Amino acid sequence: MAEAGQRSRLFGTDGVRGVAGDELTASLALNLSVAAAAVLGRAEARHGEAGHGARPVAVVGRDPRASGEFLEAAVVAGLASAGVDVLRLGVIPTPGVAFLTGALNASFGVVISASHNPAADNGIKFFGPGGVKLPDATEDAIEARLSEAATTREFGRVSDARAVHELYLDHLLATLPEQPQPPLAGLRIVADCAHGAAYLIAPQALRRAGAEVITIGDEPDGLNINEGCGSTALGALSAAVVEYGADAGIAFDGDADRCLAVDADGQPLDGDQIMTVLATGLKEAGRLAGDAVVVTVMSNQGFHMAMRDAGIAVIETPVGDKHVSAAMREGGYVLGGEQSGHIIMGEHATTGDGVLTSLQLLAAVNRHGVPLAAAAKMMPKYPQVLVNVPGDASRLGPWTDEAVRRAEAELAGDGRVLVRPSGTEPKIRLMIQARDAALAERVVGQLAEDVRRALAGQ
């Protein structure tokens, strides 16, 4: 899970992931939770007032994958055996765990989910105090403790805490502005819950905000998560929006930390387009800190143009929402995200929250009385072409800069070029954005050929 040239890390860009029962076993889950208890439980001991004595407290949530049941049991067993009191949240969106980690004054939070991955995969990730993602150094400290056994004789207690889901739901609705009528009144919305963690909370939130809601992807059986639905497969949502004559559609991924949308004609909006709506709205309201937004290097050139026209600065980070989150905290910014729909609204959340994003997006367009299609046109979206070239990224050298310069010259300043090593595979990822799709295809083809020849030593 590390880029070429680095030592292998157990933790990847979003926690520890793998095929459940193969790479991610019950034994690893138990040992990982014991190690996390040693590192994170020691860091925060603030829970005497919560009735747990001096013991640290962890909240644990998961998505509906079948493997989540045995992995949750292993995680809970590991934490309790290491002297941590556990509040079991059951099936809940990842951002719900992040929020409740802070709201319940927990020492840390644990999520068992593989997000948008297929049902066979699963993962474990941690939130620190206040519900923030862990820095690499803390993850490394947890990994270093994996071989050490727990020595406590004071075991933690385990409690069912599913009733506190209502606190998260109340929080989501409290982020919407007060007005004479519900903020989503008059909207007919199709919500695709990806047979995932948001299958109950997302429809409830949208309905309480005033929308008429039609749900799809809301019957998880443990095996169908993300299967032909959700934010990674918008076809079903687009068809349902047109069929039901809805004003818009919203798609979540398996753990609901992402949100994408489609307009009344079934045309998709990606994360860049959604952030364009949110950023301009926050700026108009005087709530966009620093008049800036944080995105990754994968953001669309059209987004940069829209932000320039709106007088909003763009801060770029490497790929990965943890980098976006860190830059937001360091700079005091309140909005950041990725094309994938992982959007962080710092006024209300410490991590990407798909349900929160959907509420804010729909409330914004409804408040202005415009259809979602009109909002999408705020950003002139450039065609984007991605190509993966197999190879050892450690061999990227000065020739890369020359290849990139040739590609940029071909685009004549009206596009973007990105060459980066994969963080998960022995591949080099190439991206070209251009105003003309045919030009983007031609340029990325030549760039890919340059990379292959260089790797072959030609």
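Here are some numbered notes on the contacts in this structure, which is a predicted model.

1. Salt bridges, starting with Lys133. The count for the whole model comes to 30 salt bridges. One of them pairs lysine 133 with aspartate 321, and their closest N and O atoms sit 2.3 Å apart. Lysine 133 is in the loop between strand E5 (121-127) and helix H4 (136-144), while aspartate 321 belongs to helix H10 (residues 321-331), so this pair ties together parts that are 188 residues apart in sequence. As for accessibility, lysine 133 and aspartate 321 are both buried.

2. A local pair in H13. Compare that with arginine 405 and glutamate 402, whose salt bridge has its closest N and O atoms 3.0 Å apart. Both residues are in helix H13 (residues 398-411), with their positions three residues apart, or about one turn of the helix. Arginine 405 comes out as partly exposed, at a relative accessible area of 47%. Glutamate 402 is partly exposed too, at 34%.

3. H13 to H14. Aspartate 450 and arginine 406 also meet through their side chains, in a salt bridge of 3.1 Å from N to O. Here aspartate 450 sits in helix H14 (residues 437-455) and arginine 406 in helix H13, so the bridge ties together parts that are 44 residues apart in sequence. Which of these two partners is buried? Aspartate 450 is, with a relative accessible area of 13%. Arginine 406 is partly exposed, at 42%.

4. A shared network. Some salt bridges have partners in common, and through them Asp14, Arg17, Lys125, Lys133, Asp255, Asp257 and Asp321 are joined into one network. Lys133 and Asp321 from the opening point both belong to this network.

5. H8 against H9. Moving on to helix packing, helix H8 (residues 271-284) and helix H9 (residues 301-309) meet at an angle of about 10°, and their axes are 10 Å apart. That angle makes H8 roughly parallel to H9. On the H8 side, the contact uses Asp272, Met275, Thr276, Ala279 and Thr280, and on the H9 side it uses Phe303, Ala306 and Met307. Sorted by class, this contact of H8 with H9 has five nonpolar residues, two polar ones and one charged one.

6. Aromatic pairs. The structure has two aromatic pairs. In one, the rings of phenylalanine 11 and phenylalanine 126 have centres 6.4 Å apart and planes at 55°, so the pair counts as tilted. It connects distant parts of the chain, with phenylalanine 11 in the segment before strand E1 (16-19) and phenylalanine 126 in strand E5, 115 residues apart. Phenylalanine 11 and phenylalanine 126 are both buried. The other pair is phenylalanine 99 with tyrosine 168, also tilted, at 6.2 Å centre to centre and 40° between the planes. This one links helix H3 (residues 94-103), which holds phenylalanine 99, to helix H5 (residues 165-174), which holds tyrosine 168, across 69 residues. Phenylalanine 99 is partly exposed, with a relative accessible area of 24%, whereas tyrosine 168 is buried, at 0%.

7. How H3 is covered. Where does that leave helix H3 as a whole? Seven of its 10 residues are buried, so to speak of H3 as mostly covered is fair. The buried residues in H3 are Thr94, Pro95, Gly96, Val97, Ala98, Leu100 and Thr101. Among the elements covering them are strand E2 (57-62), strand E3 (85-91), strand E4 (108-112), E5 and H5. Asparagine 105 follows H3 and has a positive phi, near 60°.

8. Glu139 in H4. Glutamate 139 is a residue of helix H4. Is glutamate 139 buried or exposed? At 7% relative accessibility, glutamate 139 counts as buried. Setting aside neighbours within four places in sequence, glutamate 139 is in contact with Arg9, Phe11, Gly12, Leu134 and Lys322.

9. Arg453, for the record. Arginine 453 is in helix H14. It counts as partly exposed, at 42% relative accessibility. Its C-alpha atom is separated by 51 Å from that of glycine 41, a residue 412 places away along the chain.

Key: Residues are numbered from 1 along each chain as its sequence is written. This is a predicted model: local features need pLDDT of at least 70, side-chain atom pairs count only at pLDDT 80 or more; totals for chains, interfaces and linings use all residues. Side-chain values use heavy atoms; hydrogens and water are left out. A salt bridge is a side-chain nitrogen of Lys or Arg within 4 Å of a carboxyl oxygen of Asp or Glu. Helices (H or I, at least four residues) and strands (E, at least two) are DSSP runs, numbered from the N terminus. Buried means under 20% relative accessible area, exposed over 50%, partly exposed in between (1.4 Å probe, protein chains only). Axes are lines fitted to C-alpha atoms, for helices over the stretch in contact, and angles run from 0 to 180 degrees between N-to-C directions. Angles under 35 degrees count as roughly parallel, over 145 as roughly antiparallel, 65 to 115 as roughly perpendicular and the rest as oblique. Contact means heavy atoms within 4.5 Å. Ala, Val, Leu, Ile, Met, Phe, Trp, Tyr, Cys and Pro count as nonpolar, Asp, Glu, Lys and Arg as charged, and the others, Gly among them, as polar. Rings of Phe, Tyr and Trp (its six-membered ring) pair if their centres lie within 6.5 Å; planes under 30 degrees apart count as stacked, over 60 as edge-to-face and the rest as tilted.
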